[in-house]
Amino acid sequence: MATDIKPLTKRKAWKALKAHYKEIRGRHLRDLFAQDPKRGERMTAEAVGILLDYSKNRITDETVTLLVQLAEESGLRDKIATMLRGEKINITERRAVLHVALRAPRGASIVVDGENVVPQVHAVLDKMEDFSRRVRSGEWKGHTGKRIKNVVNIGIGGSDLGPVMAYEALKHYSERGMVFRFVSNIDGTDFAEAVQDLDPAETLFIVSSKTFTTLETMTNAQTARDWLLKGLGGDLKAVARHFVAVSTNSTKVSEFGIDTANMFEFWDWVGGRYSMDSAIGLSTMLAIGPEHFRSLLDGFHQMDGHFRTAPFDRNLPVLMALLSIWYNNFFGAQSVAVLPYEQYLKRFPAYLQQLTMESNGKRVTLDGTDVDYQTSPIYWGEPGTNGQHSFYQLIHQGTKLIPCDFIAFVDALNPIGRHHDLLMANVFAQAEALAFGKTVEEVKSDGTPEWLVPHRVFEGNRPSNTLLADRLTPDTLGKLIALYEHVVFTQGIIWDIDSFDQWGVELGKVLAQRIVPELESMKEPALGHDSSTNNLIRRYRKGRQGD
């Protein structure tokens with residue numbers, strides 16, 4: 001992709017940020033707040049119902065100005081427009097990147113290769129809605145005439161992480177008369193436990209694989225097919241009443257025994273980790289219903305609009321991306337903790353791990369040149385307050401700088417006694433403690449013995465963002481996911497990498513296909529791996545022979 005934009009480390013704003021970092025790196029948040037009593041009110045941005053408080057970051061107004069300048073020098077505004085025009089910005093796979101089309105309203109126009117794809121998107125959504133209504137109402141019956149009560153989603157990567165995260169996040173809105181399970185791991189335990197207590201006659205499987213050839217997914221799908229047929233007397237006609245597909249390979253779907261009328265398609269301009277609002281979200285729609293699913297899509301779309309139009313210094317995804325770059329590339333911070341104070345969001349950090357690290361875990365620029373700077377940090381986290389009794393010790397008093405994103409909601413979905421006030425007190429207190437810490441003098445004033453003082457000092461100056469919304473609803477979840485999607489996009493543009501391919505997952509898969517027959521061979525295979533791999537294969541085969 002031809003560009004006249006300078007390499008990252010040659011950009012004027014980058015050089016200015018390096019000099020600025022040397023000036024500010026020793027400044028403490030205690031001093032920054034003392035010098036600006038309105039800082040906590042001023043360093044906020046709010047859009048589409050989400051408040052971002054970024055005041056507890058190790059920045060000044062000059063930092064923000066320089067970071068915004070870096071975004072401008074990186075051509076971010078033009079790159080956003082390029083993506084929305086349907087140009088093939090995934091250059092290594094020659095694909096457009098248009099997950100924003102999945103939530104575009106009817107009547108919108110987003111063109112790929114000369115064709116408006118929005119009508120296609122809504123045709124699939126309408127088909128999903130019709131199917132969901134039939135299953136949820138009991139109109140769709142299994143092979144024996146029983147109503148479907150259990151839904152098992154079979155996928156991996158984005159075909160699993162998105163649906164399972166959304167199901168957990170929106171369980172409050174789900175149909176409680178139905179059971180939803182998710183199978184992804186090729187480890188047979190995953191499937192065995194998912195169906196342990198299910199009746200095949202009441203179970204529907206959704207097989208999600210674009211090509212219908214993904215090893216893990218199709219192995220689990222074949223096992224599910226065998227399980228179903230065994231439970232229903234071996235009648236092959238049963239498959240069509242208990243399996244549907246999310247795929248583009250109608251031939252393979254038909255060969256499996258699924259009626260292609262029950263195949264829900266998506267497109268090559270939808271990356272797996274950006275696909276939960278496509279047909280990959282069929283299990284989500286079955287769980288929460290079509291109306292809530294469309295509300296989810298509307299939330300995505302609202303954040304898309306904000307990202308597209310808001311000035312960078314008021315733009316939530318841009319600000320969060322720039323702050324992550326500030327810590328990653330100047331302070332040397334290697335990870336970001338995402339800490340939702342909402343039990344329903346317990347799988348949100350795991351979902352973000354694929355979104356962020358599969359997207360931006362790259363070591364070459366768009367033109368194939370090795371980067372000479374850090375790209376994606378490690379994203380991780382757990383819901384509060386559980387994490388406070390686990391890893392917060394490291395964040396507060398450890399030797400690593402770990403910026404944090406706190407996510408919280410004003411209203412509880414399950415208001416029980418004092419629970420929510422206690423929860424919210426903790427999120428506010430943790431951000432405060434990280435920022436300001438506790439000095440030697442403050443510890444001594446508590447009457448702490450001298451020998452114990454060093455152990456009870458909190459350095460503080462640990463940065464965090466706080467994201468606050470009114471309530472976890474389907475539309476709020478859509479906004480949060482889109483927020484982080486656009487954070488990833490912004491980071492990738494500034495780092496000059498392809499955020500939309502994932503060649504790093506391929507090599508291990510290719511080698512596994514070579515090793516499988518070596519493990520299953522009745523005869524001793526001729527092994528051509530390194531000595532370690534050869535030895536492990538022989539040890540495994542020897543152990544299996546003793547079974």
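In which sense, and over how many bridges, do strand β10 (residues 335–340) and strand β12 (residues 404–409) pair? In this predicted model, the two strands pair in the parallel sense, and four bridges join them.

## Overall form

The protein, a predicted model, contains 22 helices and 13 strands. Its radius of gyration is 25 Å, close to the 24 Å that the globule rule gives for 547 residues, so the protein is as compact as a globular protein of that length. Taken along the principal axes, the C-alpha atoms fill a box of roughly 75 × 60 × 60 Å.

Of the 547 residues, 54% count as buried. The exposed surface of the protein amounts to about 24,200 Å², of which carbon and sulfur atoms supply 50%. Among the contacts with a separation of 6 or more, 73% are accounted for by residues that stand 24 or more positions apart.

## The six-stranded mixed sheet

Strands β10 and β12 belong to an open sheet of six strands, which has the order β1-β2-β13-β12-β10-β11 and mixed pairing. The edges are taken by β1 (44–47) and β11 (378–380), each of which has a single partner strand, so one side of each is left without a neighbour in the sheet. Neighbouring strands of this sheet are turned by 15° against each other on average, when direction is ignored.

Within the parallel pair of β10 and β12, proline 340 stands opposite isoleucine 407 in β12. Isoleucine 407 also stands opposite leucine 467 in β13, and β12 and β13 run parallel, joined by six bridges. Helix α17 (residues 419–436) packs on this sheet, where it touches β12 and β13 (464–469), and the direction of the helix makes about 155° with that of β12.

In a regular strand the side chains alternate between the two faces of the sheet. In β12, Cys404, Phe406 and Ala408 point one way, while Asp405, Ile407 and Phe409 point the other way, and all are buried. The strand is accordingly described as mostly covered, with six of its six residues buried.

## The five-stranded parallel sheet

A further open sheet has five strands in the order β6-β5-β7-β8-β9, and its pairing is parallel. Its edge strands are β6 (179–183) and β9 (263–264), each of which pairs on one side only.

Strand β7 (residues 203–208) and strand β8 (residues 243–246) pair in the parallel sense over four bridges. Along this pair, isoleucine 206 stands opposite valine 244 in β8, and valine 207 has alanine 245 of β8 as its bridge partner. Alanine 245 in turn has methionine 263 of β9 as a bridge partner, and β8 and β9 pair in the parallel sense over two bridges. Both faces of β8 are covered, with Phe243 and Ala245 on one side and Val244 and Val246 on the other, and all of these residues are buried. Together with helix α11 (residues 250–256), β8 and β9 make a right-handed β-α-β unit.

## Helices on the five-stranded sheet

Helix α7 (residues 158–169) lies across β5 (150–154), β6 and β7, and runs at about 150° to β6. Helix α9 (residues 215–231) also packs on the sheet, where it touches β5, β6, β7 and β8, and its direction makes about 160° with that of β7.

## A buried glutamate

Outside the strands described above, where does glutamate 485 lie? Glutamate 485 is part of helix α20 (residues 474–495). This residue counts as buried because its relative accessibility is 1%, and the cut-off for burial is under 20%. When neighbours within four places in sequence are left aside, glutamate 485 is in contact with His99, Arg103, Tyr274, Phe300, Tyr351 and Leu355.

Technical notes:
Residues numbered from 1 in each chain as written. Predicted model: local features only at pLDDT ≥ 70, side-chain atom pairs only at ≥ 80, totals over all residues. Heavy atoms only, no water. Pairing = 2+ DSSP bridges. Contact = heavy atoms within 4.5 Å. Axes fitted to C-alpha atoms, helices over the stretch in contact; angles between N-to-C directions. Buried < 20%, exposed > 50% of the residue type's maximum accessible area, 1.4 Å probe, protein only. Right-handed = clockwise from strand over helix to strand, strands pointing away. Rg over C-alpha atoms; globule rule 2.2 N^0.38 Å. Areas by Shrake-Rupley, 256 points an atom, 1.4 Å probe, with all protein chains shown as cover.
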